[in-house]
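Subject: Structure handover

Hello,

Here is the structure for you to look through. My notes on what was found in it follow below.

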Amino acid sequence: MNVDADRRSPPCVLVIFGASGDLTARKLLPALERLAGYGALPPEVALVGVARTPMTDAEFGNLCRRSVTSDDNHRWEEFAAAARYVAGDYDDPATYQRLADVLAECDHRHGTAGNRVHYFATPPRLFGPIAMSLGKAGLSAPVGGGFVRAVVEKPFGWDEISARELYADLSSAFVEEQIFRIDHYLAKETVQNLLALRFANSVFEPIWNRTWVDNVQITVAETLGVGERGGFYESTGAMRDIVQNHVLQVLSLFLMEPPTSFHAEAIRDEKVKLLRAIQPLDAEAEIAANAVRGQYTRGGTREDLMPGYRDEPGVDPLSATETFVAMKLEVQNWRWTGVPIYVRTGKRLPARLTEVAMEFRRPPQLPLFPGTAEGLDPDALVVRVQPDEGLSLRFGAKVPGHAFRVQKASMDFSYESFDEQSPDAYERVILDALIGDPTLFIRADEVARSWRIVDPVMRFWAGDERPIPLYQAASWGPSEAGALIARDGRTWRHSSRR
Ligand code: BG6
């Protein structure tokens, strides 16, 4: 992959906090290696790792090499060999003093001109303390005409109140324009393609509204269970892990009004307007009717038997944490009022698929095709975010033969038809943060608004004494989820291929 000149990092030091951790080794270093491989990291970009684990510069360089598979990336070799490492506690001022010295040396050696991107790859409880320490050490304010940014990854708080507290901590050192909040779903090629689909074509816009659309379904389904992350997941659950961020981000891009430009703020303004148009479920009866949670139990086949959530390591054997959520939302604005938006996510479902589907209203004269068309699924436009990235339009077509029979057919577009490869989501977000393009990052007001949508449901579930509905691993969730949509005379789409 070649990069355009404007998709190349400017001179700067990338500082990774949590440099000895899992996220760094699994995601950040491999993404940096690929960026180095196609020339996006010129020699004026340097890496500094910070973590508690004692390590020398050379050992950190080795960690950089060990975390990637390629062994013929010359620039990566150079990058890893020049990497620096600062060991110390995140709340110890001496750590930041040593960091300041190393940064000054980098400026001198690499010409990084005081530009820094601080990447917080630590557990979230450390975001606030690190930001405040950077502020106190004078490492958060840009010098001269340069830039200093902070990159943080979800969870952005645990509810609206804690999100505001985190915001206050970050804001003690950084202004909003310096803060880049990652949602890796926004960096997925197909999610970005939503913008091209909607605004680079004139054919879709006229039907993108309540006149033509019957309902929208967003599915984020995973086949995996919580695996080794039980401890983390126990205090998180599917609502906080997926709905508050990934689902609501995809939903807002799919349904927002056209922005006045592709400028980051114009897009983010429209996204937050859309989130504000979602009336949070409020009364208990309304929540009970429109939000369903579930938890997986043992399931699968004899050959592939999967443990139940409560049997996973680190999980309370009586846990009521949800691993599945289904909700019916409504966007109350000119375009969407009256169109139900069904969202669904879960672990240990039968397929790994993320898709956004728009089902269209049925034609008014179905009796024209007696005995055939009534039973057909509605026409639909399906954006497959993953896997098998692409788009399909489902419609009815006559089956060849003497009889007049209608069957569903589809027009398909697959990303495989491009020669170019999609960059990995982390490659995309790291490079955007280095370049300073905030389009794919979440603004503080979006975070707060998303919490306002999910908080009442979480509060209701916390006080709900009925047992959490269960579903067998490798099934599509509890029967309550089916009932939620069946009540409206509709069904969930069960596979991206429908
Ligand atoms: C993460 C969640 O944000 O997204 C995980 O914390 C989840 O629980 C993951 O598995 C899914 O991401 P992807 O890119 O594999 O769909």
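Please keep in mind that this is a predicted model. I begin with one salt bridge, in which the side chains of Glu265 and Arg443 meet, N to O, at 2.6 Å. The two partners come from distant parts of the chain, 178 residues apart: Glu265 belongs to helix H10, while Arg443 sits in the loop between strand S17 (441-442) and helix H13 (444-463). Glu265 has a relative accessibility of 29%, so Glu265 counts as partly exposed. Arg443, at 10%, counts as buried. This pair does not stand alone, since salt bridges with shared partners join Glu265, Arg268, Asp269, Arg443 and Asp445 into one network.

As background, side chains of opposite charge can pair when their charged atoms come close. In the whole structure, a search finds 32 salt bridges. Two others are described here.

One of them is formed by Asp214 and Arg490, with 2.6 Å between the closest N and O atoms. Here too distant parts of the chain are linked: Asp214 is in strand S7 (residues 213-221), Arg490 is in the segment after helix H14 (479-486), and their positions lie 276 residues apart in the count. Asp214 and Arg490 are both buried.

The other joins the side chains of Arg335 and Glu257, at 2.8 Å from N to O. Arg335 is in the loop between strand S11 (324-330) and strand S12 (340-346), and Glu257 is in the loop between helix H9 (237-255) and helix H10 (264-276), so this salt bridge ties together parts that are 78 residues apart in sequence. Arg335 is buried, at a relative accessible area of 9%. Glu257, at 27%, is partly exposed.

Now the ligand. Which residues are around the ligand? They are Lys154, His184, Tyr185, Lys188, Glu222, Arg229, Asp241, His246, Lys347, Arg352 and Gln386. By type, this shell divides into 7 charged, 3 polar and 1 nonpolar.

Polar side-chain atoms come up to oxygen atoms of the ligand in several places:

- Tyr185: an N or O atom of the side chain is 2.5 Å from a ligand oxygen.
- Gln386: the distance from a side-chain N or O atom to a ligand oxygen is 2.7 Å.
- Arg229: a polar side-chain atom lies 2.8 Å from a ligand oxygen.

On its own, the ligand has 400 Å² of accessible area, and the protein covers 79% of that.

Regards

Notes:
Residues are numbered from 1 along each chain as its sequence is written. This is a predicted model: local features need pLDDT of at least 70, side-chain atom pairs count only at pLDDT 80 or more; totals for chains, interfaces and linings use all residues. Side-chain values use heavy atoms; hydrogens and water are left out. A residue is near a molecule or strand if one of its heavy atoms lies within 4 Å of it. A polar contact is a pair of N or O atoms within 3.5 Å; within protein, one must be able to donate a hydrogen and the other to accept it, and residues adjacent in sequence count only if both atoms are side-chain atoms. Accessible areas come from the Shrake-Rupley method with a 1.4 Å probe; for residues, only the protein chains shown count as cover. Ala, Val, Leu, Ile, Met, Phe, Trp, Tyr, Cys and Pro count as nonpolar, Asp, Glu, Lys and Arg as charged, and the others, Gly among them, as polar. A salt bridge is a side-chain nitrogen of Lys or Arg within 4 Å of a carboxyl oxygen of Asp or Glu. Helices (H or I, at least four residues) and strands (E, at least two) are DSSP runs, numbered from the N terminus. Buried means under 20% relative accessible area, exposed over 50%, partly exposed in between (1.4 Å probe, protein chains only).
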